[in-house]
Amino acid sequence: MENGEEMELIRELLYNSGEPLSEFYRWLHKAWAGFSVPPVFLDLMIQFAVAAAVFGFVAVNALWIIYYERKFSAKLQIRIGPNRVGPLGLLQTVADTVKLLIKEDINPSKVDRVVFILAPGIVFLGTFLTMLVIPFGNGLIAADLSIGILYILAVSGLAVIGLLAGGWASNNKYSLMGGMRSAAQIVAYEIPVLVVILGIVMLAGTMKMGGIVEAQAGYRWFVIYQPIAFLIFLIAANAEINRAPFDLPEAESELVSGFITEYSGMKFAFFFLAEYTNLFIVSAVAVTLFLGGWEGPFFPPFVWFIIKTYAVVTVLMWMRWTFPRIRVDHLMQFSWKYLLPIALVNLLVTAIVIKFI
Amino acid sequence: MEQKTAFEIQELTSDEYVLSMGPQHPATHGVLRILLRMDGEVVVNLQPDPGYIHSSIEKICENRKYDQVMPYTDRMDYLSAVSYNLAYALAVEKLMGLEVPNRGRHIRVILAEMNRIMSHLLWFAAYGIDMGALTPIWYAFRERENLITLIEMQTGNRLTHHALRIGGVKNDLPTGFVEGLNKFLENFNDMVDEYEALFIDNVIFKARTKSIGVLKKENAISYGVTGPNLRASGCDIDLRKLAPYSGYENFSFEVCSEKNGDSWDRCKIRMNEMRQSASILRQAIDTLPEGEISAKAPKIIKPTPGGCYAKVEGPRGEVGAYVVSAGTDKPYRVKFRSPSFSNLSALNEMCAGVKIADLVAIMGSLDIVIPEIDR
Amino acid sequence: MNGVDNELIKKIPGAPVIMTSVEWAINASRANSLWTVTFGLRCCAIEMMHTGGTKTDWSRFGFEVPAASPRRADVMVVAGTVSKKMAPVVKRLYEQMPGPKYVMAMGACAISGGPFIYDSYSVVMGVDKLIPVDVYIPGCPPRPEALIDGFIKLQKKIMAQKIRK
Amino acid sequence: MTVRELLEKIKQKAEIEDSKEDLGVLNAYVKPSSLRSLLIYMRDSLGFDWMSFMTALDMPQENTIEAVYELFSNSSKDSARIKVKLSRQAAEVETVSDIYRTAEWHEREAAEMFGITFKNHPHPENLILTPDIKAPLRKDFSGGDMKRMPE
């Protein structure tokens with residue numbers, strides 16, 4: 001193979017990953033045909049590999065995002081932040097994770113044991129499944145479902161079951177209150193998000209995540225057409241993932257730690273992992289829907305996707321470290337009285353504009 | 001081991017449940033237990049249960065010589081140790097008929113006002129955490145650290161200063177103290193403005209504190225609430241103006257007061273008081289008189305028999321010391337009147353029908369220090 | 001018993017080397033991620049807060065995560081006087097922490113009762129009467145630097161731990 | 001209002017057993033039976049709207065416990081110290097927590113510290129101490145493990 005061809009292949013792989021990947025897939029199938037094993041097993045293995053890759057990304061990304069948050073908050077607070085463990089403190093979160101995993105795992109005597117153990121798994125499962133349809137680059141997506149965005153809404157709703165179950169199973173009044181709060185909060189904020197996304201789907205004409213990004217090609221990003229929707233999405237999504245100023249389910253000064261009060265060791269690590277992965281997912285969805293996804297000059301698509309996502313993550317962190325916590329009834333009023341009506345009007349205007357212009 | 005109080009045994013309606021907040025809870029500023037009778041998120045009724053840091057200070061004071069009592073006064077309210085020092089020193093000096101020289105009184109005022117700023121800064125920091133704003137604490141602690149460095153130059157300790165002696169102060173101001181204080185005061189007002197804009201004037205913060213935890217004026221007086229909490233209820237009583245001590249009559253400052261008596265007013269007053277204290281400090285270092293710092297107190301202090309109650313305006317309100325002498329070298333009885341004790345007793349009055357988040361906001365705005373309640 | 005010195009493990013070729021490095025990795029992650037339960041009792045609590053403050057920022061060492069719930073804490077800094085009314089609560093908090101757990105007695109009161117030794121009817125004379133203490137930090141109250149020193153001493157102690165059989 | 005004038009005024013309303021001036025503050029010993037009426041009168045008619053604190057003094061040599069009520073008037077800046085002598089064996093006095101609400105907690109504290117019973121108190125249980133410590137501020141208190149300061 002010539003040198004130029006090799007470069008071309010790498011370029012192709014970086015910028016338009018979909019085609020080479022499916023070619024590779026076809027090649028694998030052809031090679032597999034040589035053996036006398038049904039191709040189902042190959043599909044299974046490939047799916048397993050993809051899942052492992054996504055899981056690896058989730059874990060590494062969570063480690064990095066936690067480190068980033070610590071450093072970023074330290075900058076806001078005129079501090080230094082972790083700098084002792086490893087170079088620049090990069091291994092700090094690794095140490096934390098290893099410690100959490102080898103910590104004693106307590107199941108308090110009066111908890112509902114099965115539900116108590118299942119809850120972190122459910123929460124993490126919801127997050128993990130959402131990760132599958134995030135388009136990191138052109139074709140770099142684990143499963144480009146035709147109903148991608150609907151799938152995200154559906155699966156991310158799974159987390160609330162875990163939160164509520166964890167709060168209930170802990171047999172702790174604070175936990176129960178935290179679980180109830182999270183249920184109410186997610187129900188209230190899921191609807192504005194849904195309405196906002198409807199507008200985007202109308203503009204893009206598809207529910208496919210890749211399709212939505214392609215509809216914005218040529219720098220016709222939807223944030224230009226739907227600035228209000230973008231703001232509503234940021235606020236509501238931030239509330240949905242329970243981060244300050246909407247961190248009512250685990251409001252430390254009110255409910256100790258809300259639904260995670262009784263959790264320790266590995267189970268807590270799963271909640272923690274889910275929380276930070278959710279932060280990434282929300283930002284990634286915002287980038288996909290409003291900021292043109294992977295589109296950008298000079299760099300390969302997935303680099304642009306990560307840069308944009310982390311920009312949104314930074315904004316969300318900035319919000320977290322600046323605002324005081326909202327009270328629970330204000331939170332509900334804010335969603336039902338302001339966000340939802342504005343989102344509906346926005347949707348109506350979008351519909352009229354699309355229909356007549 | 002745990003005994004149930006009458007509050008817990010009372011019959012509950014089918015919607016209610018009892019929630020025990022504390023003694024180890026992030027919002028109780030130390031170890032205070034509050035028994036809450038809740039209906040969902042709403043507080044129906046509550047009963048504080050202090051005493052988790054009771055360390056028998058009043059009993060110890062009866063068995064110490066007059067000057068040995070002073071270190072214990074630091075440890076009741078470590079945020080404004082000088083207020084307690086001052087109340088106790090004033091009471092004993094009154095019993096003995098000692099007159100503190102001008103410079104000594106001036107230094108006392110400087111230390112007391114520095115303590116007031118330090119205390120309010122800590123309140124600001126802790127209130128931020130209570131309200132879920134996690135950044136104010138670091139800014140407040142930066143300022144506090146500057147002040148602590150200065151006060152450490154003077155007294156040798158960061159929190160429990162033991163700065164005063166009966167008859168005056170322990171040390172004269174060290175070299176570099178006045179310059180350092182001047183440098184601190186230069187941009188302190190700008191800092192307070194900035195913090196106020198960042199936190200107190202925040203929309204979310206206003207929504208959470210305005211008309212929450214209203215304490216009516218007559219209730220405040222009946223409950224013996226003092227300090228910023230009283231002045232927020234529209235009663236501009238400040239002992240520095242009402243019954244001046246230690247030369248406060250020579251300084252010009254405003255008594256900050258508000259009308260509504262809600263949490264936001266209490267916050268506003270503390271921010272304003274920091275500015276007023278800075279102004280007093282500026283006047284004090286400009287008009288610092290020369291001379292002795294301490295009156296000549298006898299080696300063994302033996303006041304004439306009798307009782308004396310001296311009170312000063314601490315950061316949290318009226319700090320008082322009731323010293324009874326029996327003519328020996330040990331006080332017969334020392335009773336400290338702590339402002340948080342009375343302020344906390346009015347909590348139930350403010351909290352009927354609020355949410356649990358409001359309860360945290362109200363408690364934080366009262367600015368209680370637990371060891372001061374328990375002693 | 002020390003895992004590395006175990007006779008059985010010694011027979012497996014290469015096992016002691018692996019055991020030592022695993023031991024090191026486990027200890028290093030434990031030592032560098034000490035989450036404190038926010039447990040302030042008296043004056044020392046304020047100095048503890050100052051240690052987390054801007055000047056002596058303890059997040060540099062990774063101690064910054066204040067665990068509101070003892071279920072997630074590794075180290076309990078007993079900062080202040082323990083009264084007899086508080087004693088059962090301290091014990092219970094310690095029992096609620098997951099192992100391996102460490103306790104630091106900060107300040108004279110937590111070490112021995114401090115200024116409240118004599119004539120006091122309600123103070124526990126030192127928290128080591130109730131729970132095992134790993135590091136004592138003297139002072140009344142100790143400076144933030146002293147607390148950080150105590151943390152580093154605790155780190156050294158953790159690094160010297162052996163994996164039990 | 002001087003101490004003498006104040007004394008004259010309250011003498012008409014209550015039975016004063018004894019009185020003295022202590023560093024410019026009136027110390028009036030009132031009969032327990034007329035304590036409540038005196039405090040109501042002082043609050044409503046003399047402007048003593050403020051109770052700074054309430055505590056007690058143990059006097060084993062006289063076999064009495066004195067309950068001390070420190071009053072203050074914001075308008076006239078006068079202080080008054082009302083005292084009630086109680087017997088050590090059966091220290092009992094009417095509560096004043098409905099007159100001055102702040103007395104509720106102060107009385108609870110005094111009750112557990114000195115072993116005084118306040119009749120009709122709304123919350124007679126302990127405020128600060130655990131129930132196993134009884135009346136520690138009495139002069140003859142000796143707790144189980146209380147170490148005395150060596151001289």
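**Strand β3 of chain C and its surroundings**

In chain C, strand β4 (residues 102-106) is joined to β3(C) by 5 bridges, and the two strands run parallel. Helices (H or I, at least four residues) and strands (E, at least two) are DSSP runs numbered from the N terminus, and two strands pair if DSSP finds at least two bridges between them. The model is a predicted one, in which local features need pLDDT of at least 70 and side-chain atom pairs count only at pLDDT 80 or more, while totals for chains, interfaces and linings use all residues. Residues are numbered from 1 along each chain as its sequence is written, chains are lettered from A and ligands numbered from 1 in the order in which they are written, and side-chain values use heavy atoms, with hydrogens and water left out.

Within the pairing of β3(C) and β4(C), C:V75 sits opposite C:Y102. The β3(C) strand also pairs with strand β1 (residues 36-37) of chain C, in the parallel sense and over 2 bridges; here C:T36 stands opposite C:V75. Thus C:V75 faces C:T36 of chain C and C:Y102 in β4(C). Together with helix α4 (residues 87-96) of chain C, β3(C) and β4(C) form a right-handed β-α-β unit. The crossover is called right-handed if, with the strands pointing away from the viewer, the path from the first strand over the helix to the second runs clockwise.

How enclosed is strand β3 of chain C? Of its 5 residues (75-79), 5 are buried, so the strand is largely enclosed by the rest of the structure. Buried here means under 20% relative accessible area, exposed over 50% and partly exposed in between (1.4 Å probe, protein chains only). In a regular strand the side chains alternate between the two faces of the sheet. In β3(C), C:V75, C:V77 and C:A79 point one way, C:M76 and C:V78 point the other way, and all are buried.

Chain C as a whole has 6 helices and 5 strands, in the order α-α-β-α-β-β-α-β-α-β-α from the N terminus on. Its C-alpha trace spans about 60 × 35 × 25 Å along its principal axes. Of the 165 residues in chain C, 64% are buried. Among contacts in chain C (heavy atoms within 4.5 Å) with a separation of 6 or more, 76% come from residues 24 or more positions apart.

The loop between β2 (66-67) and β3 of chain C holds C:S69. This serine is buried, at a relative accessible area of 1%. Neighbours within four places in sequence aside, C:S69 is in contact with A:V256, A:S257 and A:T261. A contrasting serine, A:S109, lies in the loop between α4 (92-101) and α5 (113-131) of chain A and counts as exposed at 74% relative accessibility. The C-alpha atoms of A:S109 and A:S170 are 9.8 Å apart, with their positions 61 residues apart in sequence.

Chain D offers another strand with two partners. Strand β5 (residues 79-87) of chain D runs parallel to strand β2 (residues 25-30) of chain D, joined by 5 bridges, and antiparallel to strand β4 (residues 64-72) of chain D, joined by 9 bridges. In β5(D), D:V84 stands opposite D:V30 and is also the bridge partner of D:A67. The hairpin of β4(D) and β5(D) has 6 residues between the strands, and D:K77 in this hairpin takes a positive phi near 60°.
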